[in-house]
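Colleague: Could you take a close look at the salt bridges for me? I'd like to hear where they sit and what they connect.

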Amino acid sequence: MTRREQILLGVMGAVAVVGALSFAMPGGGGVTPKAVQTTPASTVVQNVQKALAEVPVSPSQLYVLDAAMRQASGNPFRLPPAPTVRSGSMAGPGGTDSAQTMAYTGYLAVGNMVFAIVDGLEYRTGEAVADSGYVVKSITPGKVVLAAAEDGTERELPYTGDDL
């Protein structure tokens with residue numbers, strides 16, 4: 001056994017002896033728990049509300065809080081409907097040309113699956129485009145062909161994404 005090992009064993013033995021003696025002595029062997037005073041939850045809530053009422057709130061913080069409490073719109077990527085109503089061959093389902101308000105901004109090919117990104121959402125061929133009444137008929141890198149679910153009228157969305 002090396003000198004280093006002998007020193008380590010000696011120190012370890014000394015620590016074991018001191019630990020055994022501390023448990024053997026009267027009053028040793030552990031810490032006596034002190035009584036903990038508890039506070040009812042309602043009192044804690046009232047104290048927190050008082051502390052928050054005393055904190056000054058800046059106008060910018062009020063704006064953020066107000067914005068957080070407002071109801072969000074359904075789809076943040078969808079443009080609002082066109083204000084004019086058209087009829088005839090240019091009108092899509094519902095009388096408005098909703099294909100004109102949609103934007104084809106991305107093309108994604110993964111293996112043999114092809115996706116089109118329309119209004120920020122991914123679609124495959126055959127899927128219905130949200131809130132429009134159209135179904136994706138075909139997808140190419142340059143355009144997406146949509147068909148109206150009601151009468152099969154086709155609309156083309158040209159690619160409008162930002163390529164760098």
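**Salt bridges up close**

Modeller: Let's start with E156, which counts as exposed at 51% relative accessibility, because the cut-off for that label is over 50%. Keep in mind that this is a predicted model. The side chain of E156 meets that of K143 in a salt bridge, with 3.1 Å from N to O. That pair links distant parts of the chain: E156 belongs to strand 6 and K143 to strand 5 (residues 143-148), 13 residues apart. K143 itself is partly exposed, with a relative accessible area of 31%.

As for how many there are, searching the whole structure turns up 2 salt bridges. Besides the E156 pair, K137 forms a salt bridge with E154, and there the closest N and O atoms are 2.0 Å apart. K137 lies in strand 4 (residues 134-139) and E154 in strand 6 (residues 154-158), so this pair ties together parts that are 17 residues apart in sequence. K137 counts as partly exposed, at 46% relative accessibility, and E154 is partly exposed too, with a relative accessible area of 41%. The general idea is simple: side chains of opposite charge can pair when their charged atoms come close.

To put strand 6 in a sentence: E154 there bonds with K137 of strand 4, while E156 there bonds with K143 of strand 5.

Technical notes
Residues are numbered from 1 along each chain as its sequence is written. This is a predicted model: local features need pLDDT of at least 70, side-chain atom pairs count only at pLDDT 80 or more; totals for chains, interfaces and linings use all residues. Side-chain values use heavy atoms; hydrogens and water are left out. A salt bridge is a side-chain nitrogen of Lys or Arg within 4 Å of a carboxyl oxygen of Asp or Glu. Helices (H or I, at least four residues) and strands (E, at least two) are DSSP runs, numbered from the N terminus. Buried means under 20% relative accessible area, exposed over 50%, partly exposed in between (1.4 Å probe, protein chains only).
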